[in-house]
Every structure is written in structure tokens, then in C-alpha cells.
Amino acid sequence: MTPLLLADITVFVLSVLVGFEVITKVPATLHTPLMSGSNAIHGVVVVGVMIIAADLDTTVGYVLLFVAAVFAAMNVVGGYVVTDRMLEMFRARPKAEAGR
């Protein structure tokens, strides 16, 4: 195992542990706003996909790139959908028509 791969695996495992620890400490009332915001921020992953696409030359690489691009796009769109639904709760409801 190369030292670079070992360093990458170490960073990945540590980020999973820290992320799990942070998310479990968030109260339920703040979970939706934080998650919708963090999903929208994941647009950085889309930029990463574009940067990696410049260096690929294998079929396996293209398949993994496509999967990463699909998941990144779903995450970004999902963040905006959740944010829109959350903001909909705070909009004023239309008043009932007079005479009904």
C-alpha cells in the first residue's frame, strides 16, 4: 500500500468519524436548515468532478466520474428542494375569499 493511498484512506475515515459525531449532536429543530445548506454547498463536488474529468483516460474512470457527477447533482438539487420546502412553511397563507 502506497503512503499516498494510506493518507487518503486515513483522511476519509477521519472525516466520516468527525462528520458522524457532528451530525449526531445537532438538535432536530436545526437539522433541516443545516442539511439543506450543506447540500447546496456540495456544489463544490461538482467542481471537483469537472477537474477530475480533465485527467481521466480509462473506462473505469469515466464510469466512476459519471456516478460521482450524478450523486453530486442529486445532492445539490436536493439541497435546493429541501430549502424551498422549508421556506414554504414560513410563507403567509392566502386569505379565504370573503363571502364563503
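Which residues are buried in α4? In this predicted model, the list for α4 reads Gly61, Leu65, Ala72, Val76, Gly79 and Met86. Helix α4 itself covers residues 59–88. A quick geometry check works out nicely here: at 1.5 Å a residue, its 30 residues should span 44 Å, and the end C-alpha atoms sit 43 Å apart, so expectation and model agree.

Zooming out, the fold is all about helices: the protein chain has four of them and zero strands. Read from the N terminus, the order of elements is simply α-α-α-α. Confidence varies along the way. The chain averages a pLDDT of 83, and 90% of the residues score at least 70. Helix α1 (residues 3–24) comes out with the highest mean among the elements, at 90, whereas helix α2 (residues 28–41) has the lowest, at 70. As a general caution, predicted coordinates should not be read in detail where pLDDT is low.

As for overall shape, the numbers don't look like those of a compact globule. With 100 residues, such a globule would have a radius of gyration near 13 Å, but the protein chain has 20 Å. The C-alpha trace spans about 75 × 35 × 15 Å along its principal axes. Burial fits into this picture too: just 9% of the 100 residues count as buried. The accessible surface comes to about 8400 Å², and carbon and sulfur atoms own 74% of that. Contacts, meanwhile, reach across the sequence: taking those between residues at least 6 apart, 61% join residues at least 24 apart.

On the polar side, there is one salt bridge in the structure. The partners are Glu21 and Lys25, whose closest N and O atoms are 2.9 Å apart. How exposed are the two ends? Glu21 has a relative accessible area of 40%, so this residue is partly exposed. Lys25 is exposed, because its relative accessible area of 60% lies over the 50% cut-off.

Gly48 makes a handy spot check in helix α3, which takes in residues 43–53. Is this glycine buried or partly exposed? With 25% relative accessibility, Gly48 counts as partly exposed, since buried would require a value under 20%. Gly48 also gives a feel for distances between parts of the chain: Phe20 is 28 residues away along the sequence, and the C-alpha atoms of the two are separated by 23 Å.

Methods
Residues are numbered from 1 along each chain as its sequence is written. This is a predicted model: local features need pLDDT of at least 70, side-chain atom pairs count only at pLDDT 80 or more; totals for chains, interfaces and linings use all residues. Side-chain values use heavy atoms; hydrogens and water are left out. A salt bridge is a side-chain nitrogen of Lys or Arg within 4 Å of a carboxyl oxygen of Asp or Glu. Buried means under 20% relative accessible area, exposed over 50%, partly exposed in between (1.4 Å probe, protein chains only). pLDDT is the predictor's confidence in each residue, from 0 to 100. Helices (H or I, at least four residues) and strands (E, at least two) are DSSP runs, numbered from the N terminus. The expected span of a helix is 1.5 Å times one less than its number of residues. The radius of gyration is taken over C-alpha atoms; the globule rule is 2.2 Å times the number of residues to the power 0.38. Contact means heavy atoms within 4.5 Å. Accessible areas come from the Shrake-Rupley method with a 1.4 Å probe; for residues, only the protein chains shown count as cover.
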